Amino acid sequence: MNTNRLLLSAACLLLALSTRADGLQAVTSPVDGCFTITGTSTSEKCIILYDDQDAEVVQTVVDCLISDLKAVTKKTFIKYKSEPTSLKNPIIVGTIGQSSHIDRLIAEGKLDVSDVEGRWEAFGIQTVEEPLEGVARALVIFGSQPRGTAYGMFHLSRMAGVSPWIWWADVAPTVKTQLYITPGRYVSGSPSVKFRGIFLNDEDFGLLPWAKKNQDSSYGNIGPGTYAAIMELLLRLRANTLWPAMHAGSRAFWDQKANLPLIMKYDIYMGSSHCEQMLRDNEWEWNRYGGHYNDDWRWGTNQEMIKRYWAERVGESRGKNAIYTLGMRGVHDSGINGYNSTAERVAALTDIIAYQRQLLQDSIGDPTTIPQLFIPYKEVLDCYNAGLQVPDDVTLMWVDDNHGYIRQMPSAEEQKRAGGNAVYYHLSYWGSPASYLWLSTISPSLCSYELCKAYDQGIRDQWIINVGDIKPAEEELEFCMDLAWDINSWTPEVAYKYTR
């Protein structure tokens, strides 16, 4: 073996044994002041301490963390809601202001959270000396919000060697019978992009038949088993937003009531596409509501029925994480019906948006505090460019050409909007002139070039990635979510190295 190969082998060995996180490392041999996750004896292992008054997503991810640590160490770990009588090697997890354990450490001056508190989805991980009476050392994971706490726990999983794709792509972690965290502190600030997520689209060939046969066989459709697995994946990828499946064969997410508790269990924001306004899934729901596909999906002649249809969903989503798409298009990715010119469509959309805003105000509250999108796509882009006025607090979502090149960027004035700007970006596409469903052909370099350019031009409020039915686009999706988390992580000059 030559010298270069020896150096490469040594580098690979070091990478396998030690995963860095700035001030912290996961190592397989103890060092001075380290925290023991699992040591040389069966009794030498950590426990997880959390507060059951913390948000549901924290409790959800505590279970994921226990499962992850077991996958790495082949040992079983125990969680506690309150301090047990004999406490050794606790991983203390919680949200600032919602966890009594975290708040006590802050009050006692043992944990400084000034660089995390009040920030969007920020978190910290730190070894703390003498956190409790009789306890020498703890590993503390704290978040500014519950999702931040969840991201912190999954960050520890990554340090231990667990891939976000441990379940979806059967990525088994390297077994480490001993696992320690070196002393130190790691803080993640707020992500570069506020809302980051995926659109399940063109799911007819992969996700839907698989869910019907395996994950949700009792429902005969995409249901809570599938959506729970997807939402867990989103948290592992540090994402927070989902546009659910919406083709004719897929039962509407909101229509399947067993899905709804998952929204808060995983603390995921639910949105909908450019042709699915106000969280409705028209292909599944409109005919079942009493409509007749596009025949009476007409604002000019059937307003009262359409208003009731939208109002019911807004009421159902009240109190849950929701992002409302405004405007109107045809029942499924077709132009708005009943108008003969762009000017007529502008007038109709002006009236429609005014009603939708009033509906949000009447049902939820001040619409300027509710996340909303307007997506100028296809004929709607013509309306917008013709002068359609969109309220300033509504996020404008721009689109690519279905093949990775963003069609239009916000102007200097549009970049000043209170609602900001977003992008809907394809890693999978079914349609003219060329489909790509079975293999993603959008490279990390192209993603980086287009999305970094978009970020530089003010598209920072939401990135939604069309992943089809997920499986063909795992690597590219993870790349986009890593970039959305930290826009400087994979700039166009180095994006080609991602596959390495």
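## A tour of two sheets and their helices

Helices α2 and α6 are roughly perpendicular to each other, because angles from 65 to 115 degrees count as roughly perpendicular and the axes of these two helices cross at roughly 80°. Keep in mind along the way that the structure on screen is a predicted model.

To see this crossing, select residues 56-73 for α2 and residues 224-236 for α6, whose axes come within 12 Å. Then show the side chains where the two helices meet: Val 57, Val 61, Cys 64 and Asp 68 belong to α2, and their counterparts in α6 are Glu 232, Leu 235 and Arg 236. Sorted by class, this contact has 4 nonpolar and 3 charged residues, with no polar ones.

Next, stay with α6 and bring in the sheet beside this helix. The sheet is open and is formed by 8 strands with parallel pairing, which run in the order β13-β12-β11-β18-β17-β16-β15-β14. Its edge strands, each paired on one side only, are β13 at 269-270 and β14 at 324-325. At the β13 end, select residues 241-243, which are strand β12, and follow the 2 bridges that pair β12 with β13 in the parallel sense; Thr 241 stands opposite Tyr 269 in β13. Helix α6 packs on this sheet, where α6 touches β11 (195-200), β12 and β13, and the direction of α6 makes about 140° with that of β12.

From the same sheet, move to helix α12 by selecting residues 444-456. This helix of 13 residues reaches 18 Å from its first C-alpha to its last, close to the 18 Å expected at 1.5 Å a residue. Colour its buried residues, among them Leu 446, Cys 447, Leu 451, Cys 452 and Tyr 455, and look at what surrounds them: the buried residues of α12 pack against β17 (421-426), β18 (459-468) and α13 (474-485). Just after the helix, pause at Gly 458, which takes a positive phi of about 95°.

For the last stop, turn to the open sheet of 6 strands, where the order is β5-β4-β6-β8-β7-β10 and the pairing is mixed. Select 79-80 for β5 and 185-188 for β10; these strands stand at the edges with a single partner strand each, so one side of each is left without a neighbour in the sheet. Further in, select residues 123-129 for β7 and residues 137-143 for β8, which pair in the antiparallel sense over 7 bridges, and end at Val 128, whose bridge partner in β8 is Ala 138.

Methods:
Residues are numbered from 1 along each chain as its sequence is written. This is a predicted model: local features need pLDDT of at least 70, side-chain atom pairs count only at pLDDT 80 or more; totals for chains, interfaces and linings use all residues. Side-chain values use heavy atoms; hydrogens and water are left out. Axes are lines fitted to C-alpha atoms, for helices over the stretch in contact, and angles run from 0 to 180 degrees between N-to-C directions. Helices (H or I, at least four residues) and strands (E, at least two) are DSSP runs, numbered from the N terminus. Angles under 35 degrees count as roughly parallel, over 145 as roughly antiparallel, 65 to 115 as roughly perpendicular and the rest as oblique. Contact means heavy atoms within 4.5 Å. Ala, Val, Leu, Ile, Met, Phe, Trp, Tyr, Cys and Pro count as nonpolar, Asp, Glu, Lys and Arg as charged, and the others, Gly among them, as polar. Two strands pair if DSSP finds at least two bridges between them. The expected span of a helix is 1.5 Å times one less than its number of residues. Buried means under 20% relative accessible area, exposed over 50%, partly exposed in between (1.4 Å probe, protein chains only).
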